[in-house]
Structure formats: C-alpha cells, structure tokens
Amino acid sequence: MTAPDPQHHDPDLERLVAERTAALTELVAHLMSCWDDERRLLARKLHDSLGSSMTALTMHLGLLSKGLSDPKAQERAGQMKTLLNGIIETNRKVQLGLWNDKLEFLGIKAALTELVAEFGQEHAMTARVSLPDDDDGYPREQGVALLRCAEEGLRNALNHARASAVDVILDDDGEQLMLTVRDDGVGLQEPPAPESLRCHGLRLLRERARALGGSLTLAALDGGGTALTMILPRLRQGA
C-alpha cells in the first residue's frame, strides 16, 4: 500500500475547508452583532428604568429629609441616601460594562478616553491614552471591536501582568486602524499558542477582528511588558 504523499494537496478538501471557515466566520460575526445589540438594549433598559427610579427616589428622600427634626430619623435618612447613591453608582458601572453610550453618541475617542481615565482612577494605576487628531467617523462594529480590545488589554494588565502603567494607543493612517494596549508588566511567561491566544476572551476578540477583516496579536515587548494589538481595515461610517 502506497503511503500518502504529505506534499499532495486535495483541491476539493482545500475548497471545503475554505468554505467552512468562511461560514464559521460569518456565523461568529452574526453572533457578535446579536450579542452587542442585546447588551446595548439591556444597558438602555437599566438606564431608563432602574437608573431613573433610583434618581427619583433620591430626590424624594431629600425632600422628605428636610422636614425631619428627630436626629435619629435624620441619621437613618442619611444612611438611606448613602445606600441609594451606592446602588446608582453600581447601576452606572453595570451599564458601562454592558455598553458605553459615549461610543454611540460621541465616538470611539470619547469612549476610550473615559474608559482609560476611569480604569486608572479605580485601580490606582498610571493609565494613558493616545488618540489620532482626525475625526473618528468609524462604523459602529469597528468602534465596538476597538473598545473591547482596549477593555481586554486593560483587564490583562491588571489581572495577569502585574503592571504599574498601561498605554492605550489608537493609530489611523487612513488605510487601517491599529489599537495597541501596552503595559510594563512581567510580560508573557511563555509564547502564546497562536490559535488559542491562551484564553477565551482573547479568542473571542481575535474572531471579532477576523470577522471585520482584521487581526489580533499578543506579543512580548523588549525590556518587559506585553502588547495586545488589533488591526482593522479602515472603513468609512456607513460603508
């Protein structure tokens, strides 16, 4: 029996693999779009219902507190106000984690600016953002992908890299967009497997980039640290 030639290529098999890969990429893109729409809708419901109700309760409590003369009742009202403010802040963070309204109404640059500033403040880490000067009229799908890349890179810098500083850099040369999240942490302990990129969060992000015709890489930096980079073809809004 003749052994199969490892150099032989089966055109039908290659075509089948290519078609299957294209179908899976299209399916992932559809699932990502549905997921984003659901997160956006849930964030809006939290804002319109729970957020508005909590704000109204705070205002009513403030009016009621003005008529209280008993010190114990005033103290209890103050505690209730503190609890309500905590719920409002938690609701705001949940909304932001689900969907950043600034991305939709003000664009990716405003969303990245807010994300990086809040990350640095919350975790007492030096966090900087560098953005292009040109207007950011990118399609929503690209903006979401870039924002998710920034979120994943910041999480990795906090949870795995043991970094003290992180930079989020968005470049636009007119042909492609490149977002890099660079930290000064311990770097990669071992080369990441290219197909897995070591964790499901990065794998999903890679598939999101691939569905948009782009790529995602995770690499060690000379001198220490890690860089997560997403590259997407430059598309005009409405394209």
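Start with the whole protein chain: 6 helices and 5 strands. Helices here are DSSP runs of H or I with at least four residues, strands are E runs of at least two, and both are numbered from the N terminus. Colour by secondary structure and follow the chain from the N terminus: the order is α-α-α-α-β-α-β-β-α-β-β.

This is a predicted model, in which local features need pLDDT of at least 70 and side-chain atom pairs count only at pLDDT 80 or more, while totals for chains, interfaces and linings use all residues. Residues are numbered from 1 along each chain as its sequence is written, and side-chain values use heavy atoms, with hydrogens and water left out.

Stay with the whole chain for two totals. Buried residues make up 34% of the 239 residues. Buried means under 20% relative accessible area, exposed means over 50%, and partly exposed is in between, with a 1.4 Å probe and protein chains only. Now take the contacts with a separation of 6 or more: residues 24 or more positions apart account for 66% of them. A contact means heavy atoms within 4.5 Å.

**Stop 1: H1 against H6**

Select residues 11-66, helix H1, and residues 200-211, helix H6. Their axes come within 9 Å and cross at roughly 110°. The axes are lines fitted to C-alpha atoms, for helices over the stretch in contact, and angles run from 0 to 180 degrees between N-to-C directions. The crossing makes H1 roughly perpendicular to H6. That class covers 65 to 115 degrees; under 35 is roughly parallel, over 145 roughly antiparallel, and the rest oblique.

Show side chains at the contact. H1 brings Thr25, Val28, Ala29, Met32, Trp35 and Asp36. H6 brings Leu204, Glu207, Arg208, Arg210 and Ala211. By class, the contact has 6 nonpolar, 1 polar and 4 charged residues. Ala, Val, Leu, Ile, Met, Phe, Trp, Tyr, Cys and Pro count as nonpolar, Asp, Glu, Lys and Arg as charged, and the others, Gly among them, as polar.

**Stop 2: Arg208**

Zoom in on Arg208 in helix H6. Is Arg208 buried or exposed? Arg208 is buried, with a relative accessible area of 8%. Leave aside its neighbours within four places in sequence, and Arg208 is in contact with Met32, Trp35, Asp36, Val144, Ala145 and Arg148.

**Stop 3: Arg148 and Glu151**

Step from Arg208 to its contact Arg148. The side chains of Arg148 and Glu151 meet in a salt bridge, 2.9 Å from N to O. A salt bridge is a side-chain nitrogen of Lys or Arg within 4 Å of a carboxyl oxygen of Asp or Glu. Both residues are in helix H5 (residues 140-159); being 3 residues apart, they are separated by about one helical turn. Arg148 is buried at 9% relative accessible area. Glu151 also counts as buried, at 12%.

**Stop 4: more salt bridges**

How many salt bridges does the structure hold? There are 9.

Select Asp167 and Arg128. Their side chains meet in a salt bridge of 2.7 Å, N to O. Asp167 lies in strand S2 (residues 165-172) and Arg128 in strand S1 (residues 126-130), so the pair ties together parts that are 39 residues apart in sequence. Asp167 is buried at 15% relative accessibility, whereas Arg128 is partly exposed at 41%.

Next, pick Asp172 and Arg234. Their closest N and O atoms are 2.9 Å apart, in another salt bridge. Asp172 lies in strand S2 and Arg234 in the segment after strand S5 (226-233), so this pair ties together parts that are 62 residues apart in sequence. Arg234 counts as buried, at 12% relative accessibility.

Then select Glu89, Arg92 and Glu118, which are linked in a network of salt bridges.

**Stop 5: cysteines**

A search of the whole structure finds 0 disulfides, meaning pairs of cysteine sulfur atoms within 2.5 Å. Cys149 is buried at 0% relative accessibility. Cys34 is partly exposed at 31%.

**Stop 6: Gly78 and Ala124**

Select Gly78 in helix H2 (residues 71-98). Gly78 is partly exposed, with a relative accessible area of 34%. Add Gly62: the two are 16 residues apart in sequence and 9.1 Å apart in space, C-alpha to C-alpha.

Finish at Ala124, in the loop between helix H4 (108-123) and S1. Phi of Ala124 is near 50°, a positive value in a residue other than glycine. Ala124 counts as exposed, at 75% relative accessibility.
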